[in-house]
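Colleague: I should like to learn how to read the features of a structural model, one at a time. Please give the general idea in each case, and then the case at hand.

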Amino acid sequence: MTSTQTNTDLLEVGTRVDIRRTDGRIHSAFVAGIDWDAKCTNVEWCENDETKGKEVELVAILNLNPHLRIEHKNTTESPEDLPKPRVQTSSHTTTHRDTSLPIPRKINRVQLRNSCVESLTDVQPVRTSRVVARVEKLKKNREDRRKKYVEEKIEKATAFGGADNPHQALIRMISEFRKGLVFKPLSTSDIVESHLITVCVRKRPLNKNEISRKEVDVITIPSINQLIVHEPKNKIDLTKYMDNQMFRFDYAFDETCDNATVYKYTAQPLVKSVFQGCFATCFAYGQTGAGKTHTMGGNFIGRNQDCHQGVYGMATKDVFHMARSTYANLKLTVSASFFEIYSGKVFDLLANKKKLTVLEDGKQQIQIVGLTEKAVLSPNEVLQLISKGNMARTFGQTAANTYSSRSHAIFQLILRSPGHKNIVHGKLSLIDLAGNERGADTASTDRHTRMEGAEINKSLLALKECIRALGFKQNHLPFRMSKLTQVLKDSFVGPNSRTCMIAMISPGVSSCEHSLNTLRYANRVKELVAGDVETNAASITSDDGTISEDIANFHHAVSELQVAEEKLMKNHQDVIKQLISTTEKGKSLLKMTNAVEYDQEQYCAAWDNLLTNAISTLNNTKQIGMEFKSKLLHEEKLSRKTRPVNSK
């Protein structure tokens, strides 16, 4: 070996070399592989706890590492094929490096690589084993990171609804928020508390239509009485974020709770109070399609409803069970009635939707004239009445629900003492309210739909005012504001009144605004019960549910239109009766003329008087008709002015 070879190292796998990066930096790296055919090497190095690598030509390696040599004992390549180092020149001096390589002998490439490995093992066994182990470890780590990166990329593409889901960012934010929550939902072992006014909320699961539209569940119920709404919003720069709004109620039922669980904490305590002489009311409130009719009436099979699984059926069973066991000594009789309120009119669902009249007697008691009240002896009889009433109930199609109940259905179980048929011992009213509408929605489409929605909203506002008065224990109750509160007067008046409100909400992001309106309504009711009376009284005028002036005027116009319509219908009936009477009198006068001698003056005076009365009646009828027409035009004008109320 010459003196030149003594100060040189052999270039092979595991050798530390200097390399030049594309940005001009020079640093050391390890040789991970040599491609003799391509005359290049694969080098690797560690940077920022990551293994990086690149392919470098042999001539570039030799230029930066002149102390290296390539030793080929046998090769098929000629000396001309081996890489030649570049000669570096300078403007001042010229330096020639002695990088001439020995002429290798021709050997097989496999033998060449084996000889290099044997040579490395013989010369530096300890150093080579460590370097090779480090290179293999770096290579394995790199492969693991690449595999993990691919898996994470696939997971991100499929997670949070998929890359094509428009709500993917919202799903991710909700998922991250829920990770920091401690969930302790309601269970059947929790204690049932008794309240004068119980306010709870129930969330239904996503339905098939919402799932097909890839809706996001924006409602989280972490505990027995807590609910969080994740409202999606955009900043000024269109950056998406969510506003987490928290509500607290007596109970919060998530999508896993069935009707039996809901009944246990809502209507079941009211059943016991009825036997103690109370007038109890339980009503379901919420957006169209939120599950009110399902909760109160039971599961739907087409248009038919399984009443056994609803609040109606379960309350009926408990009433008869208590009447025959715990309170058997009272010997109470049970009767049932079922009616609906639609567009401010009352209809008997047990008598082919016969129109009823609501009056107040001399004792200031509300009487529904002609309402069917059937004595029942078993739960099956009651369930048959409920099924009959549900089939007769008014349904319609809305934007949210193709099969929506458009009326307030009131089912009542009345307990009477024996021998005193007119004295009511207790009454349980179970109400399935019509779906609440936004004020702007009631001012669109045709007049029939507008009046229907406006009447629903007006009755719901009246119901809230009555609950307010009940919460404040006021002497005056504004029950005359609507037919709904009018027929429920006995449930609000007196110290033995009990009320339970079940707020129904939809979990989809498209229903977020409606759900917030429902929760604000329920939250106001809850604040009246749990909060300080003075504070509530001071804030009674600043309610989240306050409607705009335009919508208030529109509701007032609808009320006046309904009054004018009733006046016109009543006048129409009176005119028909009077015209029939006039016709009969005219026939009698005509028979008078058949006599040979009749009093012509008397006949003429009687006929003239008859015609005068008829003309006066018709003129009065025409005037009433013109007033009704004027009300129609006024309602149409206000409906065009109504605009949506900006949500807070």
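Colleague: Which side chains meet aspartate 23 and arginine 25 in a salt bridge, or do these two meet each other, and what is the N to O distance?

Modeller: A salt bridge is a side-chain nitrogen of Lys or Arg within 4 Å of a carboxyl oxygen of Asp or Glu. The side chains of aspartate 23 and arginine 25 satisfy this with each other, at 2.8 Å from N to O. Arginine 25 is partly exposed, at 38% relative accessible area; buried means under 20%, exposed over 50%, and partly exposed in between, with a 1.4 Å probe and protein chains only. Please note that this is a predicted model, in which local features need pLDDT of at least 70 and side-chain atom pairs count only at pLDDT 80 or more, while totals for chains, interfaces and linings use all residues. Residues are numbered from 1 along each chain as its sequence is written, and side-chain values use heavy atoms, with hydrogens and water left out.

Colleague: With which residue does arginine 142 form a salt bridge?

Modeller: Its partner is glutamate 44, with the closest N and O atoms 2.6 Å apart. This pair links distant parts of the chain, 98 residues apart: arginine 142 belongs to helix H4, and glutamate 44 to strand E4 (residues 40-47). Helices (H or I, at least four residues) and strands (E, at least two) are DSSP runs, numbered from the N terminus. Arginine 142 and glutamate 44 are both buried.

Colleague: How many helical turns separate glutamate 176 and lysine 179?

Modeller: An α-helix has 3.6 residues a turn, so residues three or four places apart point the same way. Glutamate 176 and lysine 179 are separated by about one helical turn, because they are three residues apart in helix H5 (residues 168-179). Their side chains form a salt bridge of 3.4 Å, N to O. Glutamate 176 is partly exposed at 45% relative accessibility, whereas lysine 179 is exposed at 61%. The count of salt bridges comes to 16, and a network of them links Arg21, Glu47 and Lys52.

Colleague: How many disulfides does the structure hold?

Modeller: A disulfide is a covalent bond between the sulfur atoms of two cysteines. The criterion is a pair of cysteine sulfur atoms within 2.5 Å, and the structure holds zero disulfides. For cysteine 200, the nearest cysteine sulfur is that of cysteine 500, 4.6 Å away. Cysteine 200 is buried, because its relative accessibility is 0%.

Colleague: Which residues cover the annotated binding site, and is glycine 286 there buried or exposed?

Modeller: The "binding site" annotation comes from an unreviewed UniProt entry and covers Gly286, Gln287, Thr288, Gly289, Ala290, Gly291, Lys292 and Thr293. UniProt positions are given in the numbering used here, feature names are shortened, and annotations may be inferred rather than shown by experiment. Glycine 286 lies in strand E12 (residues 279-286) and is buried, at 0% relative accessibility. Beyond its neighbours within four places in sequence, glycine 286 has contacts (heavy atoms within 4.5 Å) with Lys292, Ala434, Gly435, Asn436, Met504 and Thr518. Alanine 290 sits in the loop between E12 and helix H9 (292-297) and is likewise buried, at 0%. Not counting residues up to four places away in sequence, alanine 290 touches Arg204, Met504, Ile505 and Ser506.

Colleague: Which residues of helix H8 are buried?

Modeller: In helix H8 (residues 268-275), the buried residues are Leu270, Val271, Ser273, Val274 and Phe275. Their cover includes E12 and strand E24 (497-505). Just after H8, glycine 277 has a positive phi of about 95°.
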